[in-house]
Amino acid sequence: MEHHPSYLQKHASITRSRINNFINDNQWRDVNLKSVIEYLRVSGEPHVSLQVWSAPGQDRPTFEHAVKQQYRPTRIGEVFGPSWTTHWFLVTINIPKEFAGRGVRFEMDTSSEAMIWSVDGEPIMGLTGGGGRERHIDYLLTEKASAHEKQRQLYVEMACNDLFGNGDYHQHPQDRKIYYRVNSADLLSHNEPVLALYYDLQVINEMANRISEESPRSWQALAAANAIVNVFEHTDLSTVDSAREIAREFFKAQGGDSNHQVYAIGNCHIDTAWLWPFAETKRKAARSWSTQLQLMDVYPEYKFAASQVQQFEWLRENYPSLFAKVQAKAKSGQFIPIGATWVECDCNMPSGESLVRQFLLGQRFFKEHFGEISEVFWLPDTFGYASQLPQIVRLAGAKYFFTQKLSWNSINRFPNTTFRWVGLDGSQVLTHMAPANTYTAQCTPGELMDSVKRHKDLAYTNESLYLFGNGDGGGGPLRDMLERLRRMENLDGLPKVKQAHPREFYEHVESTAKDIVSWKGELYFELHRGTYTSQSNNKLWNRQSEFILRDVELLSTIAHSKDREFKYPSDELTRLWKLVCLNQFHDVIPGSSINMVYRDSDKIYKDIFASAKNLRQRALDTIYGELPPLTPEGTSFAVLNTTSWMRTSIVAVPAHLSSLFASQTDGGSLVQVCKDDDVVLTVAANVPGFGAQIVKPSAHSSAQFVPARVYASETSGSYVLENRHVRVVIDRNGCITSYYDHAEKRELVAAGSAGNVFELYDDVPDFWDAWDIEIYSLEKYHAIDSGDITISEEGPLVASLQLSMAISECSTLTQKISLSAISTRLDFDTTVDWHENRKCLKAAFTWDIRSDL
């Protein structure tokens, strides 16, 4: 009989605090479990000595280059930087005899990311210094040291950035100068039974905290954890066996056959660019994946999935030996290439052709280097999914889709977890959104319980996917995650969990689930709406890249058909499409990356345009023959229509023919000399699809032609732009007060309304500055009414008005509003000199049009 009963149930909260204090790093660290996890730790000479070489500027030198440099002695406590610089350490290790018979780990904390290299140039393992749950700073030197270990040497490549870039990106710009301190370079050995007990308690304690007190299992967990604390004595490590026996008894209780089944898969989502440039991502992939390869050797049940083919290609180019190891582990089934696309791309702004290229490039690489394509479209972090994707996914050879981003919806929660996503043409893909609502799970009991609690389709299927591992900046799963996962594999009180290829999960759902619901059309993401406007140049150049590459492919195909000596530029087009697809990554084209990334993407687009223009001209020269030099003696020029439909357009006359065409302005030809820049315009009429036409000054009769014109209204003080199709009235602030369609005999602007109204809004979202425009911004704005408008062009081909406007005391706007003679469309060419902070300028249009579509 107990002498001092404590009645556990009556003071559960106190007991929980006691257990937390027993396992946490706190003021009781000298007597709790943490006090004896380490057996021995040594640092400094003669055990660990450090030498360093610092690369110049922001260079990221290769191993081969770095090891040839002159190194100098350094010490613990020295700081290195500034941000984005690289420093190589030569580490000399002498393991003392006190470690004999024990596993020995090398631990180095550079406060930053780092990579351990062998002296032979093999990348071994990534390190993540500093604090936080992502911290990983140790490497196993030997599982069992002898009393006379030979001297070892390693290289450590220190990158002066942390896992998430360069400090708190919500508070500071990422190009500021930060210096990183080397905090430790130690040898240590753990008391492995104590460490195992620590993992036991992590699982048992969270079960006690997360399982409802209405369940006996919650009290069993609390009692077991409390009993372990009672048995353990930090001065007598023989008590660890007794404590672990209590844990083993608790873990013997298994779940029932009807328990929810969780399919766990390790991952380390690495943003291809975000708070770091592309160049750093190349190293992040190597650091993260080398760490996972090390874990696979220790935990044979461990399976790890990696997406984004661009990162695989970078690894193959820059770390060929590491890529070969990835291939070997892929063959054995532990390393799982997944995703199907070149990058985890945005799915709203790229064109349909670009989305097809994402899959084409991705699946081709997987087939070539891993022997099979991916059946799973893997996109956990993209900001919404266009309705044509199911069709493209199926045509690309995949049939499953994974994401979890819609769990972030700010207003309406998405109603399903496992469902069939139906595209515009009826194509279907089996889709799953991890109910744990994360792709960076930490392998805790609470997360597994959430996989059941938040599952919205348990009526149809009793399984779910569970993605674990540190991510966004890479890193991936750590040893403690895999240890906890082993203990939770089949444990009463939790769903069953096993590590598996995601395909196994989908195939099991396909074969067992009943009456899975369907969702047709777009998967709209109710957040990050500001990504449709941030970094507008990047979005413009993406679309221009898509257009010009289509033209190059079309013209090169025609050129090859005409002249078999013409070599289709397949390799260069593939290179250019890879660059376009790279910049469509879901933090690049949306505008949510740091400025460094856009300096890189600007250079990439410059490369694309320069090469594509050369390829286009080469194809044209083959199709039409070498064109003669441009001289004033010419009398005409050719226009080529690369679309598939007939077009009539107003075109600019080549400069060498400007004088000839301009001389016809008083005759019957349709020619206009622009006042602003003396550019000569003419009409290219009825140019057939995929065809060409010669344009001459006398080629057009004006008999049936109605010119575009602009004039001031005598009654209202407004201006009128008019052609045979429409009549548009614009006031002095550039606002459209009337838009009358002559053919429909209908006014398109309701009385009292207007279009092209400039409105200045506050842009202060809840959290994500570059991502979001919140709904409450609509409540606070003012219309700008400080415009000055004048006539710019008077026709006959194009009539224009020029608007000048002060947005504020420091920002201005100019806009040319144009109506051509041949279209119902009004064109706006707007330039803003912007010096605002957290403001958003919109052009509002209110139309007298109603439609449910």
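**Exercise 1. A proline in a loop**

Between which two strands is the loop where Pro46 is found? Then describe the peptide bond that leads from Glu45 to Pro46, and look for a second case at Pro796.

*Solution.* Keep in mind that you're working with a predicted model.
- Step 1: Find strand 1 (38-43) and strand 2 (48-54); Pro46 sits in the loop between them.
- Step 2: Check the bond. Glu45 and Pro46 are joined by a cis peptide bond, with omega about 0°. Most peptide bonds are trans.
- Step 3: Move on to Gly795 and Pro796, where the bond is also cis and omega is about 10°. Pro796 is likewise in a loop, the one linking strand 35 (787-794) and strand 36 (798-806).

**Exercise 2. Get a feel for the whole chain**

Work out how many helices and strands the chain has, what its C-alpha trace spans, and what share of its residues is buried.

*Solution.*
- Step 1: Count the elements: you should get 17 helices and 39 strands.
- Step 2: Along the principal axes, the C-alpha trace spans about 115 × 65 × 55 Å.
- Step 3: Of the 853 residues, 53% are buried.

**Exercise 3. A strand covered on both faces**

Take strand 5 (residues 86-93) and sort its residues by face. Which strands pair with strand 5, and in what sense?

*Solution.*
- Step 1: Side chains in a regular strand alternate between the two faces of the sheet.
- Step 2: On one side you'll find Thr86, Trp88, Leu90 and Thr92, and on the other His87, Phe89, Val91 and Ile93. Every one of these is buried, so strand 5 scores eight out of eight.
- Step 3: Look for partners. Strand 2 pairs with strand 5 in the antiparallel sense over seven bridges, and strand 10 (residues 152-159) runs antiparallel to strand 5 with eight bridges.
- Step 4: Zoom in on Trp88. Trp53 stands opposite Trp88, and so does Glu157 in strand 10.

**Exercise 4. Two open sheets**

Describe the sheet with the strand order 16-17-19-18-22, then the sheet with the order 35-36-37-38. Which strands stand at the edges of each?

*Solution.*
- Step 1: Strands of a sheet pair through backbone hydrogen bonds, either parallel or antiparallel.
- Step 2: The sheet 16-17-19-18-22 is open, has five strands and shows mixed pairing. Its edges are strand 16 (376-378) and strand 22 (518-520), each pairing on one side only. The twist from one strand to the next averages 30°.
- Step 3: Pick a pair in that sheet. Strand 16 and strand 17 (residues 400-403) are parallel, with three bridges, and Val376 has Tyr400 as its bridge partner.
- Step 4: The sheet 35-36-37-38 is open too, with four strands and antiparallel pairing. Strand 35 and strand 38 each have a single partner strand, so one side of each lacks a neighbour in the sheet. Here the twist averages 15° from one strand to the next.
- Step 5: Pick a pair again. Strand 36 and strand 37 (residues 812-820) run antiparallel and share nine bridges; Ala806 stands opposite Thr812.

**Exercise 5. Positive phi: buried or exposed?**

Find the phi values of Ala340 and Asn686, and decide how covered each residue is.

*Solution.*
- Step 1: Most residues other than glycine have a negative phi.
- Step 2: Ala340 has a positive phi near 80°. Ala340 lies in the loop between strand 15 (335-337) and helix 9 (352-370). Its relative accessible area is 0%, so Ala340 is buried.
- Step 3: Asn686 has a positive phi of about 55°, and lies in strand 26 (residues 680-687). At 47% relative accessible area, Asn686 is partly exposed.

**Exercise 6. A histidine and a surface patch**

Why does His501 count as buried, and why does Phe828 count as partly exposed?

*Solution.*
- Step 1: The cut-off for buried is under 20% relative accessible area, while partly exposed runs from there up to 50%.
- Step 2: His501 comes in at 18%, so it counts as buried. You'll find His501 in the loop between strand 21 (496-499) and helix 13 (502-512). A polar atom of the His501 side chain lies 2.9 Å from the backbone nitrogen of Arg503.
- Step 3: Phe828 comes in at 32%, so it counts as partly exposed. Phe828 belongs to strand 38 (residues 826-833).
- Step 4: Add the neighbours in the patch: Phe828, Phe845, Trp847 and Ile849 form a nonpolar surface patch, with about 340 Å² of accessible area together.

Technical notes. Residues are numbered from 1 along each chain as its sequence is written. This is a predicted model: local features need pLDDT of at least 70, side-chain atom pairs count only at pLDDT 80 or more; totals for chains, interfaces and linings use all residues. Side-chain values use heavy atoms; hydrogens and water are left out. Two strands pair if DSSP finds at least two bridges between them. Axes are lines fitted to C-alpha atoms, for helices over the stretch in contact, and angles run from 0 to 180 degrees between N-to-C directions. Patches are made of residues with over 30% relative accessible area and no salt bridge: like charges are joined within 9 Å, nonpolar side chains (Val, Leu, Ile, Met, Phe, Trp, Tyr) within 5 Å. Accessible areas come from the Shrake-Rupley method with a 1.4 Å probe; for residues, only the protein chains shown count as cover. A salt bridge is a side-chain nitrogen of Lys or Arg within 4 Å of a carboxyl oxygen of Asp or Glu. Buried means under 20% relative accessible area, exposed over 50%, partly exposed in between (1.4 Å probe, protein chains only). A polar contact is a pair of N or O atoms within 3.5 Å; within protein, one must be able to donate a hydrogen and the other to accept it, and residues adjacent in sequence count only if both atoms are side-chain atoms.
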